[in-house]
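The paragraphs below walk through one protein structure. Keep the sequence and the model open while reading.

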Amino acid sequence: MIKNVPGGGSTKGANQFARQAKEDGLDVLASSASTHYTYLLSDRRVRYDYHEWSPVLASPTGGVVYVSRDVGVANAQEFVDKLDTLSFKYASQGATSIDLVPLLAFDLLGADVQAVFGMKGRGAGRLAFERGEVNVDSQTSSAYLKKVAPLVEEGKAIPLFSFGVVDDEGRLQRDPNFPELPHFGEVYAMAKGDTTDSQGFQVWRSFFIAGFVAQKVFFLPKSTPENIKQAWRDSMSKLITQPEFKARAEDILGNYAPLTGVKADAAVESMLSLDDASRAWVTNWLKEKYNTRL
């Protein structure tokens, strides 16, 4: 039986999982970036603690920022060179949603971007872009490859940069799905010089990891018996090596390797590494920039 519970896909669902999940391996939570962000931001609605759960699979993704051809730039360098003369509108789900990553990126670059809140999802933001209501947008890789790439081919959308990927040493690298595009760190360096040690950039990186490097995570209660957790881990490890799964996953999600075992543990640990100073910085930024109080 499938029971649809409004809000079950995010904070409400995670709260219910924290309250009611059994330890028999039959209750599993599929979390997402929005669930991660409310936790990291200490949102008062949160009643769950990631330290009480064990990950069995983490699914990464990427993202791309693009603009309308009417903006009059052809690439990231022209975008940076003309920032002082350009203004943008961006259709957003909200400042504490996955849109925190592109919105903070725009602000760090010094772009004049007006966020229009109230979108039901990134798909709604893309439709606003297609209707000409906004002139800048971002999409996760899967949506970009399916829905935006055709707009690029028609000349209606101009890709500027990807958010990138993180390598095994934790360094930001170009997204293998979009190797021709600079990652955000490169564009930030174009605009501000080599200032990736700034607190703003480090906060951006933390939320990028939480929203993209470990965007979707399957969790079991930490108290689940180890043999049951291991059965889940083994099943996930077998699943992601199946040729049919690999072919479909690359076509639908892009060329990103799902994380299991110690890699999944490391991704979640990195996601939870936001320190108090960074949390205070982003909380103040949300209040000052968007009058958002958590």
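**Salt bridges, cores and pockets**

Glutamate 154 is partly exposed, with a relative accessibility of 48%. Its side chain meets that of lysine 156 in a salt bridge, with an N to O distance of 3.1 Å. Lysine 156 also counts as partly exposed, at 41% relative accessibility. Elsewhere, Asp99, Arg122 and Asp137 are joined into one network by salt bridges that share partners. The model is a predicted one, and a search of the whole of it finds 13 salt bridges.

Another of these pairs is arginine 131 with glutamate 133, whose side chains meet at 2.9 Å, N to O. Arginine 131 counts as exposed because its relative accessibility is 53%, and the cut-off for exposed is over 50%. Glutamate 133, at 44%, is partly exposed.

What does the salt bridge between lysine 289 and aspartate 107 tie together? The two side chains meet at 3.1 Å, N to O. Lysine 289 belongs to helix α12 (residues 276-290) and aspartate 107 to helix α4 (residues 100-109), so the pair links parts that are 182 residues apart in sequence. Lysine 289 is partly exposed at 37% relative accessibility, and aspartate 107 is partly exposed at 29%.

The next topic is the interior. The largest nonpolar core has 69 residues, and the members that touch the most others are Phe79, Phe161, Phe184, Trp204 and Phe207. Helix α8 (residues 199-213) gives the most to this core, with nine residues. For phenylalanine 207, the residues touched include Tyr37, Leu40 and Leu41. Leu100, Val101, Leu274 and Val282 are also touched by phenylalanine 207; residues up to four places away in sequence are not counted. Apart from the largest core lies another core, of 14 residues, with Tyr66, Phe129, Tyr144 and Leu181 among them.

Alanine 14 is a further position to look at, and it sits in helix α1 (residues 11-20). Is alanine 14 buried or exposed? Its relative accessible area is 0%, so alanine 14 is buried, the cut-off being under 20%. Leaving aside neighbours within four places in sequence, alanine 14 is in contact with Leu29, Thr35, Tyr48 and Trp53. Alanine 14 and tyrosine 48 are 34 residues apart along the chain, and their C-alpha atoms are separated by 6.6 Å.

The pockets come last. The largest pocket has a volume of about 580 Å³. It is lined by 21 residues, of which Val166, Asp167, Asp168, Val213 and Leu259 are the closest to its centre. At least two residues of this lining come from each of β8 (165-166), α8 and α11 (261-271). Helix α8 therefore appears in two places: it gives the most residues to the largest nonpolar core, and it supplies at least two residues to the lining of the largest pocket. By class, this lining holds 12 nonpolar, five polar and four charged residues.

The second largest pocket encloses about 400 Å³ of space. Of its 20 lining residues, Ser32, Thr61, Thr140, Gln215 and Lys216 are the closest to its centre. The elements giving two or more residues to this lining are α2 (33-40), β2 (53-59) and α10 (243-253). How does the lining of the second largest pocket divide by class? It has seven nonpolar, 10 polar and three charged residues.

Definitions and conventions. Residues numbered from 1 in each chain as written. Predicted model: local features only at pLDDT ≥ 70, side-chain atom pairs only at ≥ 80, totals over all residues. Heavy atoms only, no water. Core = buried A, V, L, I, M, F, W, Y, C linked by side-chain atoms within 4.5 Å. Buried < 20%, exposed > 50% of the residue type's maximum accessible area, 1.4 Å probe, protein only. Helix = DSSP H or I, 4+ residues; strand = E, 2+ residues; numbered from the N terminus. Contact = heavy atoms within 4.5 Å. Salt bridge = Lys/Arg side-chain N within 4 Å of Asp/Glu carboxyl O. 1 Å grid on protein atoms, 1.4 Å probe; cavity = no way out; pocket = protein on both sides within 12 Å on 5 of 7 lines; lining within 4 Å. Points joined across faces, edges and corners; volume = space filled by probe spheres on them. Nonpolar A, V, L, I, M, F, W, Y, C, P; charged D, E, K, R; others polar.
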